[in-house]
Structure formats: C-alpha cells, structure tokens
Amino acid sequence: MQATIKKYGLYGLLTGLVIFLLHLTLGKDLSYSTNEIIGYISIFISLSFVFFGIKHYRDKVNNGVVSFGKALSIGILISVLVAIGIALADFIYTQFINPAWFENYYQMMRDAGKEDEIMEMTSFTAGLFMLTLVTVIGFIISLISSLILQRK
C-alpha cells in the first residue's frame, strides 16, 4: 500500500508542479480570475491520481479487491502528498519568485471596488490555505473514488 501511495502521490505532486511551472511561464498576461480557474483545474488534474492510485492498488496489488475504508485511506494519503506539493509551490512563488503578488492582488481588488473582500495573507498562511483546500478537495475525490472502486 505504501508503494502505491508514494508512487501516485509523487505523480500527482509532479503533475501539479509541471502545470504550475507552465502556468508561470505561459500565464503571465492572464487575468487573476483566469489564473484562478487554471489553478483549480491543475488541482483537479493533480488529484486525478487519487482515482488511479486506488484502482492500481485494487487491480495490481490486492488481487482485484479493496474495501471502502482501505480505498479511502489510500486516496486521502495521496491527496495529502499532492497538497503538500501544491502548498510548497504556492509558498515558494509568493515568498521568493513574486513577493509582490499579495500587494498586486490587493490593489486589483481595491480597483475593482472589492475592498471588503480582501483577506490579508502571508506566504505561510497562503500555503496553509492551499494545503487545507487541496486536502479537502482530495478527500471528496477520495470518497467518490472509493465508492466507485470498492470491490469485495
């Protein structure tokens, strides 16, 4: 089970990093809302490895069977690895690559008349937010995948 979690967690993490790097180089002139949509798409693509990891474990490691609980635990652990990678990428980007990101975002919100929606963040709190967000989305994907893939 550990080998499957590490393998598919690493696949998801690397996929997220590759999409992030492509986004950095190709998405410089895109609006914040477009970048946000691309960010969510990259999270879902990275977390697709939850489904494939559970399926691999069931079909290749465990002779075609997996309980709901085992599938859910595999999915959650893969999700956590993906979440750590995405959170680290977010932290590194806002701390070192583009430290002015928050101020630019706040200014864009002020210019749009959305001052009341501004939530002050640091690179650390943004990383924690991403870790939590990706883990929660990963839990939901793990739950759905476990329901679909469980086989006794």
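In the predicted model, Ile-43 is in contact with Ile-86, Met-130, Leu-133, Val-134 and Ile-137, once neighbours within four places in sequence are set aside. Ile-43 also belongs to the largest nonpolar core, a set of 22 residues. Together with Leu-47, Ile-78, Met-130 and Val-134, Ile-43 ranks among the residues with the most contacts inside this core. Helices α1, α2, α3 and α5 each contribute at least two residues to the core, and the largest share, seven residues, is drawn from α3. Two of the partners of Ile-43, Met-130 and Val-134, are thus named both as contacts of this residue and among the best-connected members of the core. In soluble globular proteins, nonpolar side chains tend to be buried together.

A polar residue, Ser-46, was examined next. Ser-46 is found in helix α2, which spans residues 32-61. The relative accessible area of Ser-46 is 0%; because buried residues are those under 20%, Ser-46 is classed as buried. A polar atom of the Ser-46 side chain lies 2.9 Å from the backbone oxygen of Ser-42. Beyond the residues up to four places away in sequence, Ser-46 touches Gly-12, Thr-15, Gly-16, Val-82 and Ile-86. Ile-86 is therefore a contact of Ser-46 as well as of Ile-43, contact being defined by heavy atoms within 4.5 Å.

The opposite case of accessibility is provided by Asn-63. This residue is placed in the loop between α2 and α3. Asn-63 has a relative accessibility of 75% and counts as exposed, because the threshold for that class is over 50%. The backbone of Asn-63 adopts a phi near 55°, a positive value in a residue other than glycine.

Empty space in the model was also analysed. Rolling a probe the size of a water molecule over the atoms shows where such space is left. The largest pocket holds about 1,300 Å³ of space. Its lining comprises 40 residues, and those nearest the centre of the pocket are Tyr-32, Asn-35, Glu-36, Asp-90 and Trp-101. By class, the lining divides into 25 nonpolar, ten polar and five charged residues. At least two lining residues are supplied by each of α1 (2-26), α2, α3 (68-97), α4 (101-111) and α5 (123-149). Helix α2 provides the largest share of the lining, with nine residues, whereas the largest share of the nonpolar core comes from α3.

Technical notes: Residues numbered from 1 in each chain as written. Predicted model: local features only at pLDDT ≥ 70, side-chain atom pairs only at ≥ 80, totals over all residues. Heavy atoms only, no water. Helix = DSSP H or I, 4+ residues; strand = E, 2+ residues; numbered from the N terminus. Buried < 20%, exposed > 50% of the residue type's maximum accessible area, 1.4 Å probe, protein only. Polar contact = N/O pair within 3.5 Å; in protein donor to acceptor, adjacent residues only side chain to side chain. 1 Å grid on protein atoms, 1.4 Å probe; cavity = no way out; pocket = protein on both sides within 12 Å on 5 of 7 lines; lining within 4 Å. Points joined across faces, edges and corners; volume = space filled by probe spheres on them. Core = buried A, V, L, I, M, F, W, Y, C linked by side-chain atoms within 4.5 Å.
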